[in-house]
Amino acid sequence: MFVDSHCHLSFPGLRERLPEVLRDMRAAQVRGALVICTTVEEFPEVSAIAHTAPHLWASVGVHPDNEDVHEPDVDELLRLARGDERVVAIGETGLDYYRLNGRSIADMAWQRERFRVHIRAALAADLPLIIHTRSASEDTLAILREEGQGRARGVFHCFTETVAVARSALELGFHVSLSGIVTFRNAGELREVARMLPLDRLLIETDSPYLAPVPYRGKTNTPAYVPYVAAEIARERGVEVAAIAEASARNFERLFGVQLPQEHP
């Protein structure tokens with residue numbers, strides 16, 4: 001029983017063929033998926049998709065990379081989250097300094113303030129955070145410590161940082177989610193992370209339509225490919241794929257407060 005803890009079914013390449021995507025999930029024994037929101041403008045479609053099937057859920061939030069979009073405050077995030085029974089997380093949120101485009105880190109104060117707003121909303125709503133961090137792990141962890149005050153929870157999604165950052169995320173009580181990147185040839189340190197993560201803090205994801213795992217690298221990703229992520233982690237840990245599938249599914253249920261259907265819809 002596999003679960004895709006992070007996918008973008010509202011994005012081009014997936015939204016226009018949603019029935020096919022859901023059929024492929026069923027064929028691949030993917031029992032559930034979390035459909036991630038990246039702007040408030042996108043949220044109605046994310047929500048609508050999550051309402052199409054009992055094994056889909058949604059988040060609400062604004063991705064750190066998105067500029068010139070509506071900027072919600074805590075009250076608006078709370079209203080959207082509380083007004084939709086399929087919303088089980090706040091995000092994706094966090095920091096991304098990878099493409100500064102000539103700006104300094106100091107210039108990214110708007111990103112840090114957005115992140116703080118999302119953390120405050122998650123605490124007020126008692127919902128987990130979907131954390132995106134790229135080339136910004138030090139600030140990401142510092143703000144989580146400051147704003148979260150030991151109460152914030154959630155997942156560092158599509159993890160690409162070091163073992164040390166993974167340990168820091170775990171110390172804060174967060175889960176770590178691995179994507180198809182773990183199957184890439186040059187992902188040696190990420191495979192080390194896959195070996196060291198406690199089984200009760202591990203999630204798996206596709207981040208589809210991006211980052212398709214080997215042997216589909218370069219193609220449009222889909223939740224049906226999440227078993228390839230589990231298989232690579234299982235190889236690294238020397239365990240059966242079923243052990244990774246089962247653990248990550250139970251972690252998904254526990255973190256997001258949901259129950260996966262016993263039979264695939």
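## A tour from Thr-38 to helix α3

Start by selecting Thr-38. Thr-38 counts as buried because its relative accessibility is 8%, and the cut-off for buried is under 20%. Keep in mind that this is a predicted model.

Where does Thr-38 sit? Look in the loop between β2 (30-35) and α2. Now show what surrounds it. Leaving aside neighbours within four places in sequence, Thr-38 is in contact with His-8, Phe-11, Gly-61, Val-62, His-63, Asn-66 and Glu-92. Color these residues to see the surroundings of Thr-38.

**Next stop: helix α3**

Select residues 74-82, which form helix α3. Which residues of α3 are buried? They are Glu-76, Leu-77, Leu-78, Leu-80 and Ala-81. Show their side chains. An α-helix has 3.6 residues a turn, so residues three or four places apart point the same way.

Then add the partners. The buried residues of α3 pack against two helices, α2 (43-50) and α4 (109-125). They also pack against two strands, β3 (56-60) and β4 (87-96).

Move to the N-terminal end of α3. Asp-73 caps this end. Draw a distance from the Asp-73 side chain to the backbone nitrogen of Asp-75: a side-chain oxygen of Asp-73 lies 3.3 Å away.

**Zoom in on Glu-76**

Stay in helix α3 and center on Glu-76. Is Glu-76 buried or exposed? Glu-76 is buried, because its relative accessible area is 17% and buried means under 20%. Not counting residues up to four places away in sequence, Glu-76 touches Val-40 and His-70.

Now select Ala-121 as well. Glu-76 and Ala-121 are 45 residues apart in sequence. Their C-alpha atoms are 8.9 Å apart in space.

**Zoom out to the whole chain**

Switch to a cartoon view. The protein chain has nine helices and eight strands. Its C-alpha trace spans about 45 × 40 × 35 Å along the principal axes. The radius of gyration is 17 Å, which agrees with the value near 18 Å for a compact globule of 265 residues.

Color by burial. Buried residues make up 60% of the 265 residues. Next, turn to contacts between residues at least 6 apart in sequence: 72% of them join residues at least 24 apart.

Finish on the surface. The chain exposes about 11,100 Å², and carbon and sulfur atoms supply 47% of that area. Then select the charges: there are 29 positive and 38 negative, and their mean positions are 4 Å apart.

Definitions and conventions. Residues numbered from 1 in each chain as written. Predicted model: local features only at pLDDT ≥ 70, side-chain atom pairs only at ≥ 80, totals over all residues. Heavy atoms only, no water. Buried < 20%, exposed > 50% of the residue type's maximum accessible area, 1.4 Å probe, protein only. Helix = DSSP H or I, 4+ residues; strand = E, 2+ residues; numbered from the N terminus. Contact = heavy atoms within 4.5 Å. Polar contact = N/O pair within 3.5 Å; in protein donor to acceptor, adjacent residues only side chain to side chain. Rg over C-alpha atoms; globule rule 2.2 N^0.38 Å. Areas by Shrake-Rupley, 256 points an atom, 1.4 Å probe, with all protein chains shown as cover. Lys, Arg positive; Asp, Glu negative; His and termini not counted. Charge placed at Lys NZ, Arg CZ, Asp CG, Glu CD.
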